[in-house]
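This report covers strand pairing and the contact between chains in a two-part order: the annotated segment and the interface, then the sheet. The model is shown below.

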Amino acid sequence: MSKFKKDGGKPAPAINTSSLPDIVFMLLFFFMVATTTKEIDPLVKVIPAQGVGLTDLTPFKQRSTVDFVYLGEPLKGDASKFDKGVAVQYDGLLHPDGINYIGKWKLAKFNDKPAEMTDPKENIITCFKADEKVPMGVIFTARDILRDLDFNSIAYSASEMGNKNDYSIREQ
Amino acid sequence: MAKRVVPEINAGSMADIAFLLLIFFLVTTTMDKDTAYLRKIPKKVESEITPPPVEEKNIYKIVINSKQVIQARDSIIKPEDISTLNSRIKHFYTINRGKKADRELNYPYYAYGTKELYSTNLQNQQNRLDALENQEQTDGNTEKLIEQTLAAIEKWQEKLDMMNLYTEFSGKKEMPEIAFEAHVRLESFVDTDYSAYVAVQSEVQRAVTELRDEEAESLFGTTWTTMNRYIIQNELEDTPELRQYKKHTELIETLYPLRLIEVKPKR
């Protein structure tokens, strides 16, 4: 006597999936717009420092006028092999000379580009992506080398602090 | 002729292809942004002349030691109170602003430029240039002097343009300018943590940005941050809006300059 007849004999109607590609393409385009390509796999451990009022480097990356230097403890191997326990990563390698190699690296990068592609030296930013525990002495050594080579623009990398109101500073 | 029947293309695998692409992009990209503080390293100057000492009132000295304890002028700031630096630096910038008498002696003074002053200076330099060019005998020195005068003319012209812009938007006849020697001096130790150094940079940046934003809001109705972001993103284009924004930010940056000296640690 039930109102809803069970028509057991007929199979369930097929779900129309013709709009599935549209949905997936929409997702794809969203991710293509909202993300940036990964530069390189990190070889050092970097916990970013916190700050407010930072400049977004994306436009500089698009113009490829920014070079990143990573400083921190090495992910693999012994930290004590490096000067002050700070390994320095240039593009894909940890150089044994540490920070003193930065001059050669910058010059090589600058000379590799064809002349019509290069920006003037003072427009190329060297961005230090340092771990929060890296001592400033290392960065000032790099500053001296860069100044002597006329690479005058530098950037201190940090992450936006957001709503919390505390800088994460190690207390001793 | 009979119409050819075009067979329907099977689009069933389209979703698979799209998924594959989607997953590829998910794997190879990141969401996090790269953000940083842009700074300039001063050029190396080789000269034997020792520069005259800067008066103490014009320096805001911040020292961070190896235990991340901060000394700002005479006060000691613990790492957890670092966010008070913001208001201290603002105080340093603004305490004597608009004052011509009763100034705080230990803080940088302000100069007040007027249209007349800049015009007179411009005229004086122009006269000097005319005199130099009409000179009978010329030697190597004359060329140097002409060059110097041309640079001075350019500088005063820029000041005059800025003054006009300021008067146009604020209606005031005088432009307050902080003493050109006034600067923030940031000293650190060899083993100061990067995070503490960046925190101080952050506070300095925040103080100056807030002052600039306030000023820009009252003059132009938009903040300095907005204009600056627009300039960085559209730097390669040449639109009237961009040129206008560049002029506006230049004025704001003259009113509130960020003069930061980062001293190389000795120990």
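## Annotated segment, interface and sheet

Over residues 12–34 of chain A the chain is 65% helix and 0% strand, and the C-alpha atoms at its two ends are 39 Å apart. The model is a predicted one. UniProt, in an unreviewed entry, places the feature "transmembrane region" at these residues, 12–34 of chain A.

The next topic is the contact between the chains. In chain A, 56 residues are in contact with 49 residues of chain B. Several elements of chain A each supply at least two residues of the side that touches chain B, among them the helices α1 (20–34), α2 (58–62) and α4 (136–148). Strands that do so include β1 (36–37), β4 (55–56), β8 (125–130), β9 (153–157) and β10 (159–160) of chain A. The largest share of this side of chain A, 9 residues, comes from α1(A). By residue class, the side of chain A that touches chain B divides into 28 nonpolar, 16 polar and 12 charged residues.

Strand pairing also crosses between the chains. β4(A) pairs with strand β2 (residues 35–40) of chain B in the antiparallel sense, over 2 bridges. There, A:T55 stands opposite B:A36 in β2(B).

Within chain B, an open sheet of 5 strands has the order β5-β4-β3-β8-β9, and its pairing is mixed. β5 (75–77) and β9 (260–263) of chain B stand at the edges with a single partner strand each, so one side of each is left without a neighbour in the sheet. From one strand to the next, the twist averages 20 degrees. Strands of a sheet pair through backbone hydrogen bonds, in either the parallel or the antiparallel sense.

The table lists strand pairs of chain B together with one facing residue pair for each.

| Strand pair | Sense | Bridges | Facing residues |
|---|---|---|---|
| β3(B) and β4(B) | antiparallel | 3 bridges | B:I62 and B:A72 |
| β3(B) and β8(B) | parallel | 6 bridges | B:I59 and B:H183 |
| β8(B) and β9(B) | parallel | 4 bridges | B:V184 and B:L260 |

β3 of chain B spans residues 59–64, and its antiparallel partner β4 spans residues 70–72. On the parallel side, β3(B) pairs with β8, residues 183–188 of chain B. β8(B) in turn runs parallel to β9(B), and β9(B) stands at an edge of the sheet.

Key:
Residues numbered from 1 in each chain as written. Chains lettered and ligands numbered in written order. Predicted model: local features only at pLDDT ≥ 70, side-chain atom pairs only at ≥ 80, totals over all residues. Pairing = 2+ DSSP bridges. Axes fitted to C-alpha atoms, helices over the stretch in contact; angles between N-to-C directions. UniProt positions renumbered as here; feature names shortened; annotations may be inferred. Contact = placed C-beta atoms within 7 Å. Nonpolar A, V, L, I, M, F, W, Y, C, P; charged D, E, K, R; others polar.
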